[in-house]
Amino acid sequence: MVSFTEIKASNALINGATAPRVAVFVGGTSGIGKLTIRALVETGTSTRIYLIGRKSSEENAQTFIQELSAINPKAEIVWIEGEVSLLAETKRVCQVIKSKESRVDLLFLTTGYAPFGPRVETTEGIEIVQSLEYYTRILFVYHLLSLLNKVEAPRVVSVLGGGLEKTAIDLDDLDLKKPGNFGGIKAQMQYMAMNTTTLEKLASENPDITFIHSWPGWVSTGNVRRGRDPNSWMAWIVRVFLEPIITLFSFNDEESAQRHLFQSTSAAFGGRGVPWKGTPGVNSLQQQANGLFLVNYKCGCTPNAKAMAILREKAQEKIWDHTQEVLRPYL
Ligand SMILES: NC(=O)c1ccc[n+]([C@@H]2O[C@H](COP(=O)([O-])OP(=O)(O)OC[C@H]3O[C@@H](n4cnc5c(N)ncnc54)[C@H](OP(=O)(O)O)[C@@H]3O)[C@@H](O)[C@H]2O)c1
């Protein structure tokens, strides 16, 4: 656990040398991604941020960009419109970034929501939350690996449920396509485990990149309202019962923002970044070395050793092979 005081002290040390010079935020149009962008810009450092989002969010994003420019004129925010639930669009957006940049220091991924509504597929035939929380996130990583590997302290942060992996995932139907096989909790467990096992494999193949799978705890972003008909009884239950509880027990926006900025910059995870004198974080292999870090809402590393040992033995290779198959046309 890292106290909020320690987090703020670390973030106060972010300077021109340690701030990400080029950062890509996918999901930065709302919630934790947006909060983290603001916290990064407030450091006053010179940074270029690519903000990727869908057309319907462009107007709000432009207002946000104006606000950020007023906070820190040295920060440059580049808006790229893209339908990030689609793999083809993800590839196109990455090509735009690659045509403009020779480096990426930080890739910050937050798209998605709890898949508690009915199963809905994208035009590419993938369940939409799985596409947002897993496939397009991994495709962003793949496409930007070459630029991430160009810098001294590259980092990928995927915000979902690091440390919460369970072993009971469906290896025979990884995309939960079989009739009757899709359900909210099952899907969430599946997508978290897929994130972790694939990020761990990518970390082993890219030892210079620090990978973080973060579990943010509760943050009152309106995320629970997504993905369901606002007039349904379930939406009503969420609004009347769940949201007030979430709001009561949530991190406030500022703490969540600072905690995710810390995860994006501190040497606590892998040794590179803003100097860290506290206990070094341990990676998913329980080593004090670079790799994949499963980081909880208090910024503690939770390797989830028992579940991970089983997932490594029984699931990792299958998930990896299946993911390659799905992503191959878009690589
Ligand atoms: N907040 C929490 O308490 C909490 C807890 C545990 C895990 N998580 C997970 O952590 C991640 C970040 O959470 P958050 O609270 O920051 O989420 P959020 O505020 O709801 O933001 C989610 C992002 O996903 C994008 N998105 C949602 N549906 C989309 C769609 N159909 N097509 C394209 N983009 C879409 C949103 O874009 P627009 O701005 O265009 O809508 C937004 O940028 C999510 O995966 C969430 O499930 C959150």
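**Exercises: the ligand and its shell**

A backbone N or O atom of Val159 lies 3.4 Å from an oxygen atom of the ligand, a polar contact (a pair of N or O atoms within 3.5 Å). This is a predicted model, in which local features need pLDDT of at least 70, side-chain atom pairs count only at pLDDT 80 or more, and totals for chains, interfaces and linings use all residues. Residues are numbered from 1 along each chain as its sequence is written, and side-chain values use heavy atoms, with hydrogens and water left out.

**Exercise 1.** Work out how much of the ligand's accessible area the protein covers.

*Solution.* Start with the area of the ligand on its own, 880 Å², by the Shrake-Rupley method with a 1.4 Å probe. The protein covers 91% of that area.

**Exercise 2.** Find further oxygen atom contacts of the ligand, at Gly27 and Arg54.

*Solution.* Take Gly27 to begin with: a backbone N or O atom lies 3.1 Å from a ligand oxygen atom. Then turn to Arg54, where a polar side-chain atom sits 2.8 Å from an oxygen atom of the ligand.

**Exercise 3.** Describe the shell around the ligand by residue class and by element.

*Solution.* Sort the residues by class: nine are nonpolar, eleven polar and five charged, where Ala, Val, Leu, Ile, Met, Phe, Trp, Tyr, Cys and Pro count as nonpolar, Asp, Glu, Lys and Arg as charged, and the others, Gly among them, as polar. Next, look for elements giving two or more residues: these are α2 (31-42) and α5 (128-148), helices being DSSP runs of H or I with at least four residues, numbered from the N terminus. Finally, α5 gives the most, with four residues.

Methods. A polar contact is a pair of N or O atoms within 3.5 Å; within protein, one must be able to donate a hydrogen and the other to accept it, and residues adjacent in sequence count only if both atoms are side-chain atoms.
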